[in-house]
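Here are a few exercises to help you find your way around a structure that may be new to you. Try each task by yourself before you read its solution.

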Amino acid sequence: MKKVFTAKDVEALIKQGKGASAIPKDVLLTPSAKDLLKGGFSATTSANAAPAPEAFGEPIIPDYEFHWKSGNDPKTPAEIQAFFHSPEIEAIKERMCDMGRRMWAKDYTDGNGGNLTVRVGDNLVLCTPTLISKGFMQPEQMCLVDMEGVQLAGKYKRTSECMTHLAIMKRQPKAKACCHAHPPNATAFAVAGVQPPTCMIPEAEVFLGQIGMAQYQTPGTPENAKVVGDAAVDHMAVLMLNHGVITWGKDIEDAYWKMENTDAYCKTVLLATQLKGTDLLTITGGQAKELIKLRGVLGMQDKRENWKECELCDNSDFQPGVVCQVPKETASAPTGAARNPDAEKVVDAVTAEVLKQLKL
């Protein structure tokens, strides 16, 4: 006797995510089952059945870096306008506005202070407008300039300080985005003329490296662009004396993160000095070398790569000063360490003279 398939049996197959091929060929279908099938088995299945699980692929890392084809910059006014309003560029404008809101919310900017840039071609850079609060920018207010600062698109006037950003991009090809702001803690170091110490927090060593310093020049001038551009070649974060901070990265979020890293690090150092004065702890030079190697793995060059361990944690210019941490196993007996022959002679001579005076 043949098996009978009712509408209930068909619905059960649908709930299991099975297709019409799952119905045995030799079964008898009731009128209600046939009506259900006439309604479209596949359509009903797709509407009611649980979706098939997606295959698990390689986990991704967010990447907002803009990649352009060298030698392919738009040339004519029409081409430039089309590029300026393309979906890819509009997305970057939106992200720049988002970074501006974050800067403003963190008290990194006041009034119309601060500015952002993103390189989008061999000779093309997006930048923020002048006299607009960074917390309330809109995508249509962004500007497009060439690498000499000539504005090519955008109805709002570009910031005068974009010239400093362009100086960094010209000197350091890896700098595809720059962030300038006046975060209170880091700017305090800039006003005091104090370079933040090294070898204190691993995250700062990896994501920032040594924080650079640039002598004061009037903002927006060629002189300021030069001193900051020179300092930024080897430093991803630069304190501009009596002015503020500028950071760079592979994309605008990366550059902004380094602004957060810089201010948070400076704040921590300030708090630590209030708690303990000059006697702050540091990691060792050997441990610092390990972190510099990690920077290299992450694609960040570091000018300190070949420095000696004693140089890596030399904070003698930091006020209040910080003494480099010495590994415990070598703290009492510097055996195995290279000795300076001249220094040894001086020590021997002084010792002999002391013994002579003491008549021992």
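The exercises below concern a predicted model, and each one comes with a worked solution.

**Exercise 1. Find which residues of helix 7 are buried, and what covers them.**

Solution. Start by locating helix 7, which spans residues 184-192. Its buried residues are Asn185, Ala186, Thr187, Phe189 and Ala190. Next, look at what packs over them: the cover includes strand 9 (237-240), strand 10 (244-249) and helix 10 (252-276). Finally, step just past the end of helix 7, where Gly193 takes a positive phi of about 70°.

**Exercise 2. Work out which parts of the chain the salt bridge between Glu65 and Lys176 links, and whether each partner is buried or partly exposed.**

Solution. First check the contact: the closest N and O atoms of Glu65 and Lys176 are 2.7 Å apart. Then place both residues. Glu65 sits in the loop between helix 3 (41-48) and helix 4 (77-84), while Lys176 is in the loop between helix 6 (162-171) and strand 7 (177-181). The two are 111 residues apart, so this pair links distant parts of the chain. Now for exposure: buried means under 20% relative accessible area. Glu65, at 21%, counts as partly exposed, whereas Lys176, at 17%, is buried.

**Exercise 3. Explain why the salt bridge between Glu205 and Arg304 ties together separate parts of the sequence.**

Solution. Begin with the pair itself, whose closest N and O atoms are 3.2 Å apart. Glu205 lies in helix 8 (residues 202-207) and Arg304 in the loop between helix 11 (285-297) and helix 12 (309-312), so the bridge joins parts that are 99 residues apart in sequence. Both Glu205 and Arg304 are buried. Now widen the view: Glu205 and Arg304 belong to a network of salt bridges that also includes Arg295 and Asp302. The structure holds 13 salt bridges.

**Exercise 4. Describe the lining of the largest pocket: how many residues does it have, and which lie nearest the centre?**

Solution. The largest pocket holds about 710 Å³ of space. Its lining has 30 residues, and Lys250, Asp254, Lys258, Leu298 and Met300 lie nearest the centre. Sorting the lining by class gives 11 nonpolar, 6 polar and 13 charged residues. Helix 10 contributes the most, with 5 residues. One central residue deserves a second look: Lys250 forms a salt bridge with Asp251 (2.7 Å, N to O). Lys250 is partly exposed at 31% relative accessible area, while Asp251 is buried at 5%.

**Exercise 5. Find which residues lie nearest the centre of the second largest pocket.**

Solution. This pocket has a volume of about 200 Å³. Among its 13 lining residues, Gln195, Gln210, Asp314, Asn315 and Asp317 lie nearest the centre. By class, the lining has 5 nonpolar, 5 polar and 3 charged residues.

Key: Residues numbered from 1 in each chain as written. Predicted model: local features only at pLDDT ≥ 70, side-chain atom pairs only at ≥ 80, totals over all residues. Heavy atoms only, no water. Buried < 20%, exposed > 50% of the residue type's maximum accessible area, 1.4 Å probe, protein only. Helix = DSSP H or I, 4+ residues; strand = E, 2+ residues; numbered from the N terminus. Contact = heavy atoms within 4.5 Å. Salt bridge = Lys/Arg side-chain N within 4 Å of Asp/Glu carboxyl O. 1 Å grid on protein atoms, 1.4 Å probe; cavity = no way out; pocket = protein on both sides within 12 Å on 5 of 7 lines; lining within 4 Å. Points joined across faces, edges and corners; volume = space filled by probe spheres on them. Nonpolar A, V, L, I, M, F, W, Y, C, P; charged D, E, K, R; others polar.
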